[in-house]
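Here's a walk through how this chain is put together, strand by strand and helix by helix. Have a look at the model first, then read on.

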Amino acid sequence: MNSQTRVCRRGDVLSAEVNGEIVLMSVDQGQYIGLDEIASDLWTRIERPLTLEALVAQLADAYDGDPAVIERDVGALLTEMAANGLVDLS
């Protein structure tokens, strides 16, 4: 994955907000996944495809964080989400 990797939600993943956090259900994987507040924010931001670079910039601005740290953490989360069939990375 690099800064120009495009991130998008998988269309077959169901999501619902529960007490301010998002719960995902992967129909293909048959599992539920709860997202914390920041991961829920990330999920909301990738409703439409965007590059990792754009996503990191948005999150760095919103959370006043170090872009390098955010890119590392977001990259790890997106890799895990892709492995669980929740997002597509291209």
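Let's start with one pair of residues: leucine 24 has isoleucine 33 of S4 as its bridge partner. Those two sit in a stretch where S3 and S4 pair in the antiparallel sense, over 4 bridges; strands count as paired if DSSP finds at least two bridges between them. The strand and helix names come from DSSP runs numbered from the N terminus, with helices being H or I runs of at least four residues and strands being E runs of at least two.

Before going further, a word on where this comes from: it's a predicted model, in which local features need pLDDT of at least 70, side-chain atom pairs count only at pLDDT 80 or more, and totals for chains, interfaces and linings use all residues. Residues are numbered from 1 along each chain as its sequence is written, and side-chain values use heavy atoms, with hydrogens and water left out.

**The first sheet**

S3 and S4 form a hairpin with 4 residues between them, and glycine 30 in that turn has a positive phi of about 65°. On the other side, S3 (residues 21-26) runs antiparallel to S2, joined by 6 bridges. Within that pairing, alanine 16 stands opposite valine 23 of S3. The S2 and S3 hairpin has 2 residues between its strands, and asparagine 19 there takes a positive phi near 55°.

Put together, that's an open sheet of 3 strands in the order S2-S3-S4, with antiparallel pairing. S2 (13-18) and S4 (31-34) are at the edges with a single partner strand each, so one side of each has no neighbour in the sheet. From one strand to the next, the twist averages 20°. As a general point, side chains in a regular strand alternate between the two faces of the sheet.

H1 lies across S2 and S3, and runs at about 65° to S3. Angles here run from 0 to 180 degrees between N-to-C directions, and axes are lines fitted to C-alpha atoms, for helices over the stretch in contact.

**The second sheet**

There's another open sheet of 3 strands, in the order S5-S1-S6, and its pairing is antiparallel too. Its edge strands are S5 and S6, each of which pairs on one side only. H3 (residues 67-83) packs on this sheet and touches S1 and S6, its direction making about 115° with that of S6. Contact means heavy atoms within 4.5 Å.

Here are the two pairings of S1, each with an example of facing residues:

| Pairing | Bridges | Facing residues |
|---|---|---|
| S1 (residues 6-9) and S5 (residues 50-51), antiparallel | 2 bridges | valine 7 and leucine 50 |
| S1 and S6 (residues 87-89), antiparallel | 3 bridges | arginine 9 and valine 87 |

**How the helices meet**

H1 (residues 37-45) and H2 (residues 52-63) pack at an angle of about 135°, their axes 11 Å apart. H1 and H2 are therefore oblique to each other; angles under 35 degrees count as roughly parallel, over 145 as roughly antiparallel, 65 to 115 as roughly perpendicular and the rest as oblique. On the H1 side the contact uses Ile38, Asp41, Leu42 and Arg45, while H2 brings Leu55, Gln58, Leu59, Ala62 and Tyr63. Sorted by class, that's 6 nonpolar, 1 polar and 2 charged residues. In this scheme Ala, Val, Leu, Ile, Met, Phe, Trp, Tyr, Cys and Pro count as nonpolar, Asp, Glu, Lys and Arg as charged, and the others, Gly among them, as polar.

H1 also packs with H3, at about 70° and with the axes 12 Å apart. That makes H1 roughly perpendicular to H3. Ala39, Leu42 and Trp43 of H1 meet Val74, Leu77, Leu78 and Met81 of H3. What classes do the residues of this H1 with H3 contact divide into? There are 7 nonpolar, no polar and no charged.

**The whole chain**

Stepping back, the chain has 3 helices and 6 strands, and along the sequence they follow the pattern β-β-β-β-α-β-α-α-β. Its C-alpha atoms fill a box of roughly 35 × 30 × 20 Å, taken along the principal axes.
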